[in-house]
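Biologist: Please take a close look at a single part of this model, starting from one loop and working outwards. I would like the backbone, the pairing and the packing described in one connected account.

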Amino acid sequence: MKVVDVSDCVVGEDVVFSADNTRWYLSCMGSNRVIVGDAVSDTVLQAIDLPKPYAHGIAIHSGIDRILVTSTVRHTDLGDAGDSITVLKASTGEVMGTHRVSKKEEPGGDAPVEVLFVPQSDPPVAYVTNMYGNTLWTATWDPNSQDFTVAEAFDFADREVAVPLELYFNDDASRLYVTTAKPGHLHIFDISENATQPKLMTSIATAEGAHHVAFDRDMTHAWVQNSLLNLPGMSDGSVTVIALDEGKAVGSVDTLK
């Protein structure tokens, strides 16, 4: 193991890699930066200052040379929620602009938290989860303008669930999986026909605080970790076992409770 000095980064959050595995990009929630590193020599190459604070979610699409970074919440108290994503040019670190992912008057306070590109989508499409806004948004690449168009794709409030967090896809990108922490659920969407119009197939109850998910290789089972920072109403501490082909929870791992 090796320690890489990223002293310019306060509260490191997410790391993504370029398609050729030669570069890594680290979001820094407390210092409003993205750190760029060399994945071969394990050295820092660049620190990119962002126009919006509280960098958390980060996604890269090497095919269009773009990175998307979410503006989430202040790390000390989860306040001052952002409502936008920042677009960076991956090869240079240049800030290309920002896009609001909220329908509210500014500041919307929707707290976009995670962002992830749909694998092999054409044109490229990324999903954004709004932690406080309880919505799912898309950012769709427009090759003519060389920029993204953003739109709301799903409102979780209509399902009486809140705090959407993590995003996952199956191998052929026909399914999108999203967790909501309050109350805990794993939601499965069909995106096989149109990635910008996800169709909710089922919502599976887990336990309060549904957050990260692990899947087995053949995508028959999922393990949902139920805790978000030990926050009230989102801190069950269990791991829910879900049979994806049956669409239901089949067990609970309570070891860490």
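Modeller: Glu160 lies in the loop between S12 and S13. The model is a predicted one, and what follows should be read on that basis. The phi angle of Glu160 is near 60 degrees, which is a positive value in a residue that is not glycine. With a relative accessible area of 71%, Glu160 is exposed. Two elements flank this loop, S12 and S13, and each leads into a part of the structure that can be described in turn.

I take the S12 side to begin with. Strand S12 belongs to an open sheet of four strands, whose order is S9-S10-S11-S12 and whose pairing is antiparallel. Its edges are strand S9, residues 112-117, and strand S12, residues 147-155, each of which pairs on one side only. On average, neighbouring strands in this sheet are turned by 25 degrees against each other, with direction ignored. At the S9 edge, S9 and strand S10, residues 125-130, are joined in the antiparallel sense over five bridges. Within that pairing, Val115 has Val128 of S10 as its bridge partner.

The connections around S9 contain two cis peptide bonds. One is the bond from Asp122 to Pro123, where omega is near 5 degrees; Pro123 is located in the loop between S9 and S10. The other joins Glu106 and Pro107, with omega at about 0 degrees. Pro107 is placed in the loop between strand S8, residues 95-100, and S9.

Strand S10 also holds Thr129. Which side of the accessibility scale does Thr129 fall on, buried or exposed? Its relative accessibility is 0%, so Thr129 counts as buried. Because burial is assigned under 20% relative accessible area, this value meets the criterion. The Thr129 side chain reaches the backbone oxygen of Leu165 at 2.7 Å. When neighbours within four places in sequence are left aside, the contacts of Thr129 include Ala111, Pro112, Val113 and Glu114. Thr135 and Leu136 are also in contact with Thr129, as are Pro164, Leu165, Leu167 and Val178.

Now the packing, which brings in the S13 side of the loop. The largest nonpolar core has 15 residues, and those with the most contacts inside it are Val118, Tyr127, Leu136, Phe156, Leu176, Phe189 and Ile191. At least two residues of this core come from each of S10, strand S13 (162-169) and strand S14 (175-182). For Val118, with residues up to four places away in sequence not counted, the residues touched are Val125, Tyr127, Phe169, Ala173, Ile191 and Ala195. There is also a second, separate core of 14 residues, and Ile64, Leu68, Val87 and Val115 are among its members. Val115 is therefore worth noting twice, as a member of that second core and as the bridge partner of Val128. As general background, nonpolar side chains tend to be buried together in soluble globular proteins.

For comparison, here are some features elsewhere in the chain. Asn230 has a phi near 55 degrees, again a positive value in a residue other than glycine. Asn230 is in the loop between strand S18, residues 221-226, and strand S19, residues 239-243. Its relative accessibility of 61% makes Asn230 exposed.

Another open sheet of four strands has the order S1-S2-S3-S4, with antiparallel pairing. S1 and strand S4 (43-49) stand at its edges with a single partner strand each, so one side of each has no neighbour in the sheet. Here the average turn between neighbouring strands is 20 degrees, direction ignored. S1 and S2 run antiparallel and are joined by four bridges. Phe17 stands opposite Trp24 in S2.

A search of the whole structure finds one disulfide. The bond is formed by Cys9 and Cys28, with their sulfur atoms 2.1 Å apart. This pair links distant parts of the chain, 19 residues apart: Cys9 is in the segment before strand S1 (12-17), and Cys28 is in strand S2 (residues 23-28). The torsion about the S-S bond is about -115 degrees, so the disulfide is left-handed. Cys9 and Cys28 are both buried.

Definitions and conventions: Residues are numbered from 1 along each chain as its sequence is written. This is a predicted model: local features need pLDDT of at least 70, side-chain atom pairs count only at pLDDT 80 or more; totals for chains, interfaces and linings use all residues. Side-chain values use heavy atoms; hydrogens and water are left out. Two strands pair if DSSP finds at least two bridges between them. Axes are lines fitted to C-alpha atoms, for helices over the stretch in contact, and angles run from 0 to 180 degrees between N-to-C directions. A disulfide is a pair of cysteine sulfur atoms within 2.5 Å. Buried means under 20% relative accessible area, exposed over 50%, partly exposed in between (1.4 Å probe, protein chains only). A nonpolar core is a set of buried Ala, Val, Leu, Ile, Met, Phe, Trp, Tyr and Cys residues joined through side-chain atoms within 4.5 Å. Contact means heavy atoms within 4.5 Å. A polar contact is a pair of N or O atoms within 3.5 Å; within protein, one must be able to donate a hydrogen and the other to accept it, and residues adjacent in sequence count only if both atoms are side-chain atoms.
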